[in-house]
Amino acid sequence: DDSDDSDDDDDDDSDDSDDDDDDDDTDNKIKDYEGCYKDGQYDRNLDQKVNTDGFLTVNKCIDKCEDENYKLAGVAKSGGECWCGSRNNNRKTYDSSDCKFIKDRGGYAGGDTVISVY
């Protein structure tokens with residue numbers, strides 16, 4: 001019977017997590033790295049370039065895109081540009097190593113012809 005009580009306590013804990021309705025909103029938020037995609041000056045993968053204050057990190061880019069109600073965020077130019085979009089316009093590159101993990105940017109960033117999409 002005590003084990004049943006502990007199961008009830010676990011249920012109570014899950015009820016507590018349900019109180020955090022904000023967590024449910026994160027299901028619609030940008031959170032996963034989707035991959036490295038081709039990107040070009042005349043054929044952009046994501047449609048909207050956005051400016052962020054200060055040093056650009058992956059999280060700043062994601063936050064900015066979420067604030068503007070986009071579904072996707074992308075980091076290009078070795079972490080120097082943030083792009084947002086509602087759909088991914090191009091296909092993945094054949095070599096995902098085209099996008100490098102940049103520690104001080106907090107994630108993967110594309111280069112001149114590729115973009116890291118989150």
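## The Cys65–Cys84 link

Let's start with the left-handed one: the link of Cys65 and Cys84 turns -80 degrees about the S-S bond. It ties together distant parts of the chain, with Cys65 sitting in helix H3 and Cys84 in strand E4, 19 residues apart. This is a predicted model, and in it the sulfur atoms of Cys65 and Cys84 lie 1.9 Å apart. Both Cys65 and Cys84 are buried.

## The Cys61–Cys82 link

Helix H3 (residues 58-67) also holds Cys61, which pairs with Cys82 in strand E4. Here 21 residues separate the two cysteines, so to speak of distant parts of the chain is fair again. Their sulfur atoms are 2.0 Å apart, and the link of Cys61 and Cys82 is right-handed, at 85 degrees about the S-S bond. Cys61 and Cys82 are both buried.

## The Cys36–Cys99 link

Cys36 and Cys99 form a disulfide too, with 2.1 Å between their sulfur atoms. It's right-handed, at 75 degrees about the S-S bond. Cys36 belongs to strand E1 (residues 35-38), while Cys99 is in the loop between strand E4 (81-85) and strand E5 (100-102), 63 residues apart.

Why does Cys36 count as buried? Its relative accessibility is 2%, and the cut-off for buried is under 20%. Cys99 is buried as well, because its relative accessible area is just 3%.

## The overall pattern

Searching the whole structure turns up 3 disulfides. Count the bonded cysteines along the chain and the pairing reads 1-6, 2-4, 3-5.

Key:
Residues numbered from 1 in each chain as written. Predicted model: local features only at pLDDT ≥ 70, side-chain atom pairs only at ≥ 80, totals over all residues. Heavy atoms only, no water. Disulfide = S-S within 2.5 Å. Helix = DSSP H or I, 4+ residues; strand = E, 2+ residues; numbered from the N terminus. Buried < 20%, exposed > 50% of the residue type's maximum accessible area, 1.4 Å probe, protein only.
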